[in-house]
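Visitor: I've got a few minutes before my gel finishes. Could you walk me through this one?

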Amino acid sequence: MRPDPPTEALPDYSASLRAFHRAFGRDLRRAVRAVPLPPGSRVLDVPCGDGFYTAALARRLYPFGRVTAADLSDAYLAAARTRFARLGRAADVALVKADAYRLPFRDGEFDVAWCARSLITLDDPVAALAEMGRVVRPGGLVAVLEDDEFHRVVANVPVGLELELHRAVAEAARERYGSRTGLSPARRVSRYLLEAGLRLERRTTFAADRDAPFDPAVRRYLRAMMRETRDLVAKHLPPVALAALDREADPGHAGSLFRRPDAELTCFTTLFLARKPE
Ligand SMILES: C[S@@+](CC[C@H](N)C(=O)[O-])C[C@H]1O[C@@H](n2cnc3c(N)ncnc32)[C@H](O)[C@@H]1O
């Protein structure tokens with residue numbers, strides 16, 4: 001069956017998100033494996049985006065258990081449907097169009113709710129996490145995977161450039177969200193979970209290293225990430241720092257991250273496991 005045509009475009013960040021999944025997929029799947037999922041578990045992935053994590057959850061559970069993937073975007077639901085069609089029978093997945101703040105599920109319908117890298121898009125994270133808590137059974141888990149703009153991917157660029165970039169990201173976040181940490185949800189997740197009435201049980205950070213020469217997936221992600229970073233910070237950087245950033249991002253420049261033989265990237269992402277009180 002052909003997937004439905006998208007009724008809206010994917011968001012601007014979708015290309016770099018897809019490239020991120022391809023570049024760091026095996027490490028992100030390690031985070032999925034760290035969630036306790038007994039056979040037969042009923043799992044909700046919300047918001048599921050293109051279903052990258054849904055597929056990993058479904059593969060873990062198959063053939064016992066079931067994953068429900070929910071998102072508000074028709075375009076992302078169509079992308080997820082295409083991914084699940086490729087998985088064939090190895091994925092028992094239900095796809096649902098739903099608003100994370102008003103999930104169309106009964107209280108306690110799931111054992112685990114999984115929420116990956118979405119707390120910037122959800123402008124009231126506590127309300128969304130409380131809603132995930134509602135649809136999880138007493139004693140069930142809400143699992144949140146998050147990172148922040150400052151440390152999502154750290155590259156071994158000159159220290160002066162890194163300091164300027166951090167300052168510029170904070171300025172851009174203040175302009176966009178009214179707070180210097182607006183782009184850095186990971187450092188607030190524990191507080192959000194507590195305010196949502198959940199008990200934080202475990203926090204685990206996964207680090208993934210990639211070293212030069214980078215493979216094509218990492219190069220694609222690096223290109224997308226450098227473009228996104230430039231768009232975000234250009235007007236907040238002094239000209240000399242912007243020139244240094246452009247040098248790092250230029251595959252034609254021998255001193256760039258694409259060509260330096262000692263270039264290194266490290267990606268940090270944190271898994272928070274919180275339990276709904278019995
Ligand atoms: C940054 S993406 C992350 C998606 C996925 N978890 C991943 O990591 O690939 C954020 C997602 O939130 C969805 N979204 C935004 N607001 C939403 C809402 N109120 N209810 C449900 N989904 C929402 C978007 O459509 C998008 O798929």
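Visitor: How far is a polar side-chain atom of aspartate 99 from a nitrogen atom of the ligand?

Guide: Keep in mind that this is a predicted model. Asp99 is among the residues that come nearest to the ligand, along with Pro47, Asp71, Ala100 and Ala116. A polar contact needs N or O atoms within 3.5 Å, and the aspartate 99 side chain reaches a ligand nitrogen at 2.9 Å.

Visitor: Which part of alanine 100 lies 2.8 Å from a nitrogen atom of the ligand, and how much of the ligand's accessible area does the protein cover?

Guide: Proline 47 uses a polar backbone atom, 2.8 Å from a ligand nitrogen. For alanine 100, the atom 2.8 Å from a ligand nitrogen is a backbone N or O. On its own the ligand has 590 Å² of accessible area, and the protein covers 91%.

Visitor: How many residues of each class make up the shell around the ligand?

Guide: The ligand has 20 residues around it. Sorted by class, they come out as 12 nonpolar, 5 polar and 3 charged.

Visitor: Why is cysteine 48 not bonded to cysteine 115?

Guide: A disulfide needs the two sulfurs within 2.5 Å. Cysteine 115 has the closest cysteine sulfur to that of cysteine 48, but no bond forms because the gap is too far, at 11 Å.

Visitor: And cysteine 267, is that buried or exposed?

Guide: Cysteine 267 is in no disulfide either, with the nearest cysteine sulfur, in cysteine 115, 17 Å away. Buried means under 20% relative accessible area. Cysteine 267 sits at 2%, so it counts as buried.

Visitor: Which residues touch the most other members of the largest nonpolar core?

Guide: Nonpolar side chains tend to be buried together in soluble globular proteins. Phenylalanine 24 has contacts beyond its sequence neighbours, including Val153, Tyr221 and Cys267. In the largest nonpolar core, with its 65 residues, the ones touching the most other members are Phe24 and Trp114.

Methods
Residues numbered from 1 in each chain as written. Predicted model: local features only at pLDDT ≥ 70, side-chain atom pairs only at ≥ 80, totals over all residues. Heavy atoms only, no water. Core = buried A, V, L, I, M, F, W, Y, C linked by side-chain atoms within 4.5 Å. Buried < 20%, exposed > 50% of the residue type's maximum accessible area, 1.4 Å probe, protein only. Contact = heavy atoms within 4.5 Å. Near = heavy atom within 4 Å. Polar contact = N/O pair within 3.5 Å; in protein donor to acceptor, adjacent residues only side chain to side chain. Areas by Shrake-Rupley, 256 points an atom, 1.4 Å probe, with all protein chains shown as cover. Nonpolar A, V, L, I, M, F, W, Y, C, P; charged D, E, K, R; others polar. Lists of a residue's contacts leave out its neighbours within four places in sequence.
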